[in-house]
Amino acid sequence: MSETLTKSEQIARLNDELRAQNSQVGAIHFSRSVGLLPPQQQQQLLQLLKEFNSFSPDNDPYGERDFVTLELDSDRYFFKIDYFEKSAWLKGEEIGADTPEDVNTTWRVGTLMESNEY
């Protein structure tokens with residue numbers, strides 16, 4: 001018997017894959033300030049992101065796991081996922097996706113930023 005997932009559950013699974021750094025579903029970008037951090041700190045943030053699993057109704061009201069708050073060395077960071085039409089993204093255009101649950105038509109872009117950049 002195959003598992004039937006809701007739209008939110010499908011989106012959450014794909015967002016989990018992005019946080020696990022699966023480049024088949026999207027890409028992770030650093031904000032300018034995160035890009036200026038030493039490589040070791042960048043890697044630590046990516047590891048924290050990969051391991052994050054503390055979702056609750058308080059921090060994930062829609063159950064899509066598209067926003068994460070991280071702390072490293074007493075600094076707070078945010079990770080936010082946006083959804084774009086894959087065909088447009090490949091042409092350099094940013095058009096919001098209508099079907100974020102469909103990996104075939106949607107490209108995820110996760111941005112890791114300092115909290116003051118949000």
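Phe78 is placed in strand 3 of this predicted model. Its relative accessible area is 13%. Phe78 therefore counts as buried, the limit being under 20%. Contacts beyond four places in sequence are made with Phe67, Val68, Thr69, Thr111, Leu112, Met113, Ser115 and Tyr118. Thr105 lies 27 residues from Phe78 in sequence. In space, the two C-alpha atoms are 26 Å apart.

The strands form an open sheet of four, in the order 1-4-3-2. Pairing within this sheet is mixed. Strand 1 (26-30) and strand 2 occupy the edges. Each has a single partner strand, so one side of each lacks a neighbour in the sheet. With direction ignored, neighbouring strands are turned against each other by 20° on average. Strands of a sheet pair through backbone hydrogen bonds, in either a parallel or an antiparallel manner. Strand 1 and strand 4 (residues 106-114) run parallel and are joined by five bridges. Phe30 has Leu112 of strand 4 as its bridge partner. Leu112 is also among the residues touched by Phe78. Helix 3 packs on the sheet. This helix touches strand 1, strand 2, strand 3 (75-85) and strand 4. The direction of helix 3 makes about 135° with that of strand 2.

Charged side chains were examined next. Four salt bridges are found in a search of the whole structure. One of them links Asp16 and Arg19, with an N to O distance of 2.7 Å. Both residues belong to helix 1 (residues 7-19). They are three residues apart, which means a separation of about one helical turn. Their accessibilities are 24% for Asp16, which counts as partly exposed, and 4% for Arg19, which counts as buried.

Asp16 also forms a salt bridge with Arg65. Here the closest N and O atoms are 2.5 Å apart. Arg65 lies in the loop between helix 3 (39-51) and strand 2 (67-72), whereas Asp16 sits in helix 1. The pair therefore ties together parts that are 49 residues apart in sequence. Arg65 has a relative accessibility of 23% and counts as partly exposed.

Another salt bridge joins Arg76 to Glu71. The closest N and O atoms of this pair are 3.6 Å apart, inside the 4 Å cut-off. Arg76 is partly exposed, at 44% relative accessibility. Glu71 is exposed, at 53%. Through salt bridges that share partners, Asp16, Arg19 and Arg65 are joined into one network.

Asp60 is a buried residue without a salt bridge. The residue lies in the loop between helix 3 and strand 2. Its nearest side chain of opposite charge is that of Arg65, 5.5 Å away. A salt bridge requires a distance within 4 Å, so this pair does not qualify. The side chain of Asp60 instead reaches the backbone nitrogen of Arg65, at 3.0 Å. Neighbours within four places in sequence aside, Asp60 is in contact with Phe55, Arg65 and Asp66. Arg65 thus appears in two settings: a salt bridge with Asp16, and a backbone nitrogen reached by the side chain of Asp60.

Technical notes:
Residues numbered from 1 in each chain as written. Predicted model: local features only at pLDDT ≥ 70, side-chain atom pairs only at ≥ 80, totals over all residues. Heavy atoms only, no water. Helix = DSSP H or I, 4+ residues; strand = E, 2+ residues; numbered from the N terminus. Buried < 20%, exposed > 50% of the residue type's maximum accessible area, 1.4 Å probe, protein only. Lys, Arg positive; Asp, Glu negative; His and termini not counted. Polar contact = N/O pair within 3.5 Å; in protein donor to acceptor, adjacent residues only side chain to side chain. Contact = heavy atoms within 4.5 Å. Pairing = 2+ DSSP bridges. Axes fitted to C-alpha atoms, helices over the stretch in contact; angles between N-to-C directions.
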